[in-house]
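Q: I'd like a close look at one part of this protein, with the rest brought in only where it helps. Could you walk me through it in one connected answer?

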Amino acid sequence: ITQELFFDPVRSAAGHTFERRAIRAWLRRNGTCPLTRTSLQKSDLVSDIVMRSRVRAWARRQNDEASHFALDKPLGLLADGDCGIKSTRELWDN
């Protein structure tokens with residue numbers, strides 16, 4: 001939905017992963033999965049721990065430019081919606 005790197009990913013029963021904040025906002029407006037357009041509720045989402053681990057491992061492997069990202073800080077210390085990284089393309093291209 002955001003086309004940004006996941007910070008707090010959640011997974012639907014259909015196996016689609018979304019950023020928690022973004023999918024909750026989407027569901028308030030639409031009530032459906034943005035990919036399948038089938039009914040989807042907040043209670044249908046579970047934390048995607050594997051994706052979160054992969055993103056954090058990727059960030060740790062990056063050069064000094066990526067070392068300042070706040071992926072290890074508690075959510076409350078980050079600006080609202082800030083994940084520090086702006087593109088998922090970098091994750092999959094490496």
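Which side chain meets that of Asp-8 in a salt bridge at 2.7 Å, N to O?

A: Happy to take you through it. Please keep in mind that this is a predicted model. The side chain you are asking about is that of Arg-20, which meets Asp-8 in a salt bridge with an N to O distance of 2.7 Å. Asp-8 sits in the segment before S1 and Arg-20 in helix H1, so this pair ties together parts that are twelve residues apart in sequence.

Asp-8 has a second partner. Its side chain also meets that of Arg-52 in a salt bridge, here at 3.1 Å, N to O. This pair links distant parts of the chain, since Arg-52 belongs to helix H2 (residues 49-61) and Asp-8 to the segment before S1, 44 residues apart. Taken together, Asp-8, Arg-20 and Arg-52 form a network of salt bridges. A search of the whole structure finds two salt bridges.

How covered are these residues? With a relative accessible area of 11%, Asp-8 is buried, because buried means under 20%. Arg-52, at 24% relative accessibility, counts as partly exposed.

Now for the setting. The protein has three helices and three strands, and from the N terminus on, its elements run β-β-α-β-α-α. Of its 94 residues, 33% count as buried. Among contacts between residues at least 6 apart in sequence, 51% join residues at least 24 apart. The protein exposes about 6,400 Å², with carbon and sulfur atoms supplying 47% of that area.

The segment before S1, home of Asp-8, also holds Gln-3. Gln-3 has a phi near 60°, a positive value in a residue other than glycine. For background, most residues other than glycine have a negative phi. In terms of cover, Gln-3 counts as exposed, at 69% relative accessibility.

Moving along the chain, Ser-12 is found in the loop between strand S1 (9-11) and strand S2 (17-19). At 5% relative accessibility, Ser-12 counts as buried. Leaving aside its neighbours within four places in sequence, Ser-12 is in contact with Phe-18, Leu-40, Asp-44 and Leu-45.

That brings us to H1, the helix that carries Arg-20 and spans residues 20-29. Its buried residues are Ala-22, Ile-23, Ala-25, Trp-26 and Leu-27, and these buried residues pack against S1 and S2. As a general point, an α-helix has 3.6 residues a turn, so residues three or four places apart point the same way.

H1 has an exposed residue to show as well: Arg-28 is found in this helix and counts as exposed, at 66% relative accessibility. Arg-28 gathers with Arg-24, Arg-29 and Lys-42 in a patch of positive charge on the surface. Lys-42 comes to this patch from the loop between H1 and strand S3 (46-47), and at 53% relative accessibility it counts as exposed. Not counting residues up to four places away in sequence, Lys-42 touches Arg-24 and Leu-27. Leu-27 is one of the buried residues of H1, whereas Arg-24 belongs to the positive patch.

The stretch after H1 deserves a look too. Just after the helix, Gly-31 takes a positive phi of about 75°. The C-alpha atoms of Gly-31 and Lys-42 are separated by 8.8 Å, the two residues being eleven apart along the chain. Asn-30 lies in the loop between H1 and S3 and counts as partly exposed, at 40% relative accessibility. From Asn-30 to Leu-40, ten residues on in sequence, the C-alpha to C-alpha distance is 9.1 Å. Leu-40 is also one of the contacts of Ser-12.

Arg-37 has its place in that loop between H1 and S3 as well. Arg-37 takes a positive phi of about 65° although it is not a glycine, and at 52% relative accessibility it counts as exposed.

To return to your starting point: buried Asp-8 meets Arg-20 of H1 and Arg-52 of H2, and the three residues are linked in a network of salt bridges.

Key
Residues are numbered from 1 along each chain as its sequence is written. This is a predicted model: local features need pLDDT of at least 70, side-chain atom pairs count only at pLDDT 80 or more; totals for chains, interfaces and linings use all residues. Side-chain values use heavy atoms; hydrogens and water are left out. Patches are made of residues with over 30% relative accessible area and no salt bridge: like charges are joined within 9 Å, nonpolar side chains (Val, Leu, Ile, Met, Phe, Trp, Tyr) within 5 Å. Accessible areas come from the Shrake-Rupley method with a 1.4 Å probe; for residues, only the protein chains shown count as cover. A salt bridge is a side-chain nitrogen of Lys or Arg within 4 Å of a carboxyl oxygen of Asp or Glu. Lys and Arg count as positive and Asp and Glu as negative; His and the chain ends are not counted. The place of a charge is taken as NZ of Lys, CZ of Arg, CG of Asp or CD of Glu. Helices (H or I, at least four residues) and strands (E, at least two) are DSSP runs, numbered from the N terminus. Buried means under 20% relative accessible area, exposed over 50%, partly exposed in between (1.4 Å probe, protein chains only). Contact means heavy atoms within 4.5 Å.
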